[in-house]
Amino acid sequence: MKIRSAIGSLILGAALAASFTLAAPAEAGVRIGVHVGIARPALRREVAAVRPSSHHVWVAGYWHWPEGGREWAWVGGAWTLPPHAHATWVGPRYVRRDGEWVYTSGYWR
């Protein structure tokens, strides 16, 4: 009986350790691409309005593939306040891989 209890504790401990290990990359900012069947349309031409303040950063417009989407959606460019000092906007990526388009959304780092 003690052996079963010890084995059960080891299995439970291993499962908990694995769950923390698996959760860590997401918290570290790992980005996962979405496989999309069609290429994004051409970017739209935009004109940035007057900058609201010296703290605002221009995030150019981009094509986004919504979760469960069937087509690309345009997200217009805008002046925005970064989430923290010295934050940098990394725009979305569109990469052709194995005959398919892979979209990775933009993010602040």
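Two strands are taken to pair if DSSP finds at least two bridges between them. In the predicted model described here, this criterion is met by β1 and β8 (residues 100–104), which run antiparallel and are joined by 3 bridges. Within this pairing, V36 has W101 of β8 as its bridge partner.

The pairing of β1 with β8 belongs to an open sheet of 3 strands, arranged in the order β1-β8-β7 with antiparallel pairing. The edges of this sheet are formed by β1 (34–36) and β7; each has a single partner strand, so one side of each is left without a neighbour in the sheet. From one strand to the next, the twist averages 35°.

With regard to the chain as a whole, 1 helix and 9 strands are present. Their succession along the sequence follows the pattern α-β-β-β-β-β-β-β-β-β. The chain comprises 109 residues, of which 14% count as buried. An area of about 8500 Å² is exposed by the chain, and carbon and sulfur atoms supply 60% of this area. Among contacts between residues at least 6 apart in sequence, 47% join residues that are at least 24 apart.

The largest nonpolar core consists of 6 residues, namely V36, Y62, W63, W65, W72 and Y103. V36, a member of this core, is also the residue bridged to W101 in β8. Another core member is W65. When residues up to four places away in sequence are not counted, W65 touches V34, V36, I38, R70, E71, W72 and Y103. Of these residues, V36, W72 and Y103 are themselves listed in the core.

A further site of interest is P92, located in the loop between β6 (89–90) and β7 (93–97). The relative accessibility of P92 is 16%, and P92 therefore counts as buried, the cut-off for this class being under 20%. Leaving aside neighbours within four places in sequence, P92 is in contact with Y62, Y103, T104, S105 and G106. Two of these partners, Y62 and Y103, are members of the largest nonpolar core. The core residue W63 lies 29 residues from P92 along the chain, and the C-alpha atoms of P92 and W63 are separated by 8.2 Å. Y103 thus appears in the contact lists of both W65 and P92.

Conventions
Residues are numbered from 1 along each chain as its sequence is written. This is a predicted model: local features need pLDDT of at least 70, side-chain atom pairs count only at pLDDT 80 or more; totals for chains, interfaces and linings use all residues. Side-chain values use heavy atoms; hydrogens and water are left out. A nonpolar core is a set of buried Ala, Val, Leu, Ile, Met, Phe, Trp, Tyr and Cys residues joined through side-chain atoms within 4.5 Å. Buried means under 20% relative accessible area, exposed over 50%, partly exposed in between (1.4 Å probe, protein chains only). Contact means heavy atoms within 4.5 Å. Helices (H or I, at least four residues) and strands (E, at least two) are DSSP runs, numbered from the N terminus. Axes are lines fitted to C-alpha atoms, for helices over the stretch in contact, and angles run from 0 to 180 degrees between N-to-C directions. Accessible areas come from the Shrake-Rupley method with a 1.4 Å probe; for residues, only the protein chains shown count as cover.
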